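Biologist: Thanks for sitting down with me. Could we go through this fold together, one question at a time?

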Amino acid sequence: MAPTPVEAPAPPRGGLAGGLLKLARPKQWVKNVLVFAAPLAAGRLDEGYVLGHSAIMFVLFCLAASAIYYINDAFDVEADREHPTKRNRPIASGVVPVKLAWTLGPILGIAAVVLGVLLCNPGTALVLGLYVVLNVAYCFSFKHVVVLDLAMVASGFLFRAMAGGTASELPLSRWFLLTAGFGSLFMVAGKRYSEMVLMGEEAAKTRASLANYSITYLRFVWQMAVSVTLLTYSLWAFQIPEGDSTLAWHQLSLVPFGFAFLRYAVYVDAGTAGSPEDVLLKDKVLVGLGFAWLLTFVLGVFHV
């Protein structure tokens, strides 16, 4: 019996320019809104200087993240060509030359750091530089190191949260940093857990690091992470002064915050949280809880 022919990669759309844009993963840029978290928590986001620097950080993290995607896909090009879906990525499908990606990746990463110094301050450039260096190290080696791979991916979210504060030279609460850190670990561990639940033994073929984990271990990690996240957020919310407000809005924000995590955990447990951005944007209840949390938090920040 003749072997089933392998389906050819999907034809490119938009040529080289379209391939470069797709390679930058603009859909993933939604993660960069975390740079607004620290200024919002400090009640300073309504100031022109702070808002402007936060917007700059959003753009710079889009550059830095795109640099990592360019480098990662250039490094993994041969493996991607053997993958049923990743083979349609711009480099693997031949739309973007490998050498071009290897050239543009470092340029974008260096540009993000240099612009961080010129447009913000050295501290911001340091955060961006650490983000780029650690993620490049992850692409080359650390993605195959047990536990460290989870920590490396989670650190990317933490750097985003930190950068919003350093750009405007705002103090960062230790509870804020812990909430951001463990919340990120919950998302990462939940994503890996979902991949294992959905694909079973085949998961290791698409992500080698999953061969070193068990479903029970990843369940322990994401359950531990969400518990610590809720605890540190509670400590953060109860230490913020409420001013002259008759309602403790920060404390009330715990309700939608907690239920949002419970709602998202349904997807994790079912193995359907492999793409967190799709879950966060497409679930209407989760979006509603997010708006409810944002409203109560903002009311608390501005002492309404």
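Biologist: How much area does the protein chain expose, and what share of it do carbon and sulfur atoms supply?

Modeller: Happy to help, and please keep in mind that this is a predicted model. The exposed area of the protein chain comes to about 15,100 Å². Of that area, the share supplied by carbon and sulfur atoms is 71%.

Biologist: How many helices and how many strands are there in the protein chain?

Modeller: Reading along the sequence, you meet an α at every step of the pattern α-α-α-α-α-α-α-α-α-α-α-α-α-α. The count for the protein chain is zero strands and 14 helices.

Biologist: Which helix gives the largest share of the largest nonpolar core?

Modeller: That core has 39 residues, and F186, W222 and Y264 are among those with the most contacts inside it. Elements giving two or more residues to it include helix 7 (148-167), helix 8 (174-199) and helix 10 (215-239). The largest share, nine residues, comes from helix 8.

Biologist: Where does this core lie relative to domain 1 and domain 2?

Modeller: Residues of the core come from domain 1 (21-171) and also from domain 2 (173-303). Because both contribute, the core lies between them.

Biologist: Which residues does F186 touch, leaving out those up to four places away in sequence?

Modeller: F186 is one of the residues with the most contacts inside the largest core. With those sequence neighbours set aside, its partners are W222, A225, V226, F261, Y264 and V268.

Terms used: Residues numbered from 1 in each chain as written. Predicted model: local features only at pLDDT ≥ 70, side-chain atom pairs only at ≥ 80, totals over all residues. Heavy atoms only, no water. Core = buried A, V, L, I, M, F, W, Y, C linked by side-chain atoms within 4.5 Å. Buried < 20%, exposed > 50% of the residue type's maximum accessible area, 1.4 Å probe, protein only. Helix = DSSP H or I, 4+ residues; strand = E, 2+ residues; numbered from the N terminus. Domains from an automatic or database assignment. Contact = heavy atoms within 4.5 Å. Areas by Shrake-Rupley, 256 points an atom, 1.4 Å probe, with all protein chains shown as cover.
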